[in-house]
Amino acid sequence: LFRSLHLVSTAYVCGRERGPAPEQFSEDPPEFHNVYEQSKWRAEALCRTWAASGNRVLQVFRPSVVVGEFLTGRAIKFDGFYLMGRATELLHRCFMNRDEAARQSIPLRIEARPFDRQNIVPVDYVSACMAAIACEPDAPGRVYHLTHPSPPSNQMIKQGLESFFGIGGGRFVEPGTLVTT
């Protein structure tokens, strides 16, 4: 029988909570943004029950949004965060043969707040942290948030993508106010 379990959960089990989230289990479910967060919280609750029922050890890793390798950006899955990069690449292709003025004034509205932050962490960082913690004899039975201490803002991500692809002009609009026809 297994006496210990290393569970990969998500930092988003904290739901809509504002401010720093403690590295501990919550007995009461918070208000969630979506079903994914809720399902991860429920998985943690089931694992806590398992651990409590037989003198077992549960260790929980809670990464934020995991992206490609730090140095190369290499990734094997291109959804979520990568959709912004793909969309920027498509704009680059559409404006490839246009003059510089047109490439730098693409009329794009982005439904997001420029200074909201996106907590992304590279996969090699997450895996190195998990391996180090799992091998540490004084670490069992705890919760670990594997998150970026100062995550990039939407504006920083936008600037990086625009710089890489040599385009510009997108502007942010407040979420919920974008009117489409």
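Which exposed residues does the face of α2 turned away from its buried side carry? That face carries Leu83 and Cys94. The model discussed here is predicted, and helix α2 is a convenient place to enter it.

Helix α2 runs over residues 82-94 and has 13 residues. From its first C-alpha to its last it reaches 19 Å, close to the 18 Å expected at 1.5 Å a residue. Opposite the exposed face named above, the buried residues of α2 are Gly85, Thr88, Glu89 and His92. Viewed down the axis of α2, these buried residues fall within an arc of 100°, so they line one face of the helix. The cover over them includes α3 (100-103) and α5 (154-165).

The packing of α2 on α5 can be described further. The two helices meet at an angle of about 40°, and their axes are 10 Å apart. Their crossing is right-handed. On the α2 side the contact is made by Met84, Gly85, Thr88, Glu89 and His92, and on the α5 side by Ile157, Leu161 and Phe165. Gly85, Thr88, Glu89 and His92, which take part in this contact, are also the buried residues of α2.

Glu89 has a second role in the description, as a partner in charge pairing. Side chains of opposite charge can pair when their charged atoms come close. Glu89 forms a salt bridge with Arg93, with the closest N and O atoms 2.9 Å apart. Glu89 and Arg93 are separated by about one helical turn, because they stand four residues apart in helix α2. The pairing extends to another residue: Arg86, Glu89 and Arg93 are linked in a network of salt bridges.

A search of the whole structure finds seven salt bridges. One of them joins Glu44 and Arg62, whose closest N and O atoms are 2.6 Å apart. This pair links distant parts of the chain, since Glu44 is in helix α1 (residues 35-52) and Arg62 is in strand β2 (residues 57-63), 18 residues apart. Both partners are buried. For Glu44 the relative accessible area is 1%, under the 20% limit, so the residue counts as buried. Its surroundings can be listed: leaving out residues up to four places away in sequence, Glu44 touches Leu7, Ser9, Val13, Phe25, Leu58, Val60 and Arg62.

Another salt bridge is formed where the side chains of Arg113 and Asp116 meet, at 3.2 Å from N to O. Here the partners are not buried. Arg113 is partly exposed, with a relative accessible area of 35%, and Asp116 is also partly exposed, at 32%.

Between α1 and β2, the two elements joined by the Glu44 and Arg62 pair, there is a loop that contains Asn55. The phi angle of Asn55 is near 55°, a positive value in a residue other than glycine. Asn55 has 73% relative accessibility and therefore counts as exposed, the limit being over 50%.

Strand β2 also leads to helix α4 (residues 123-134), by way of packing. The 12 residues of α4 should span 16 Å at 1.5 Å a residue, and its end C-alpha atoms are 16 Å apart, which agrees. Its buried residues are Val126, Cys129 and Ile133. They cover an arc of only 70° around the axis, so they lie on the same side of α4. These residues pack against β2, β3 (65-67), β5 (120-122) and β6 (143-146).

The last stop is a loop residue. Ile106 lies between α3 and β4 (109-111). With a relative accessible area of 4%, Ile106 is buried. Apart from residues up to four places away in sequence, Ile106 touches Leu91, Phe95, Ile167, Gly168, Gly169 and Gly170. The C-alpha atoms of Ile106 and Phe172 are separated by 13 Å, and these two residues are 66 residues apart along the chain.

Conventions: Residues numbered from 1 in each chain as written. Predicted model: local features only at pLDDT ≥ 70, side-chain atom pairs only at ≥ 80, totals over all residues. Heavy atoms only, no water. Expected span 1.5 Å × (residues − 1). Buried < 20%, exposed > 50% of the residue type's maximum accessible area, 1.4 Å probe, protein only. Arc of directions from axis to C-beta. Contact = heavy atoms within 4.5 Å. Salt bridge = Lys/Arg side-chain N within 4 Å of Asp/Glu carboxyl O. Axes fitted to C-alpha atoms, helices over the stretch in contact; angles between N-to-C directions. Left-handed = near helix turned anticlockwise from the far one by under 90°.
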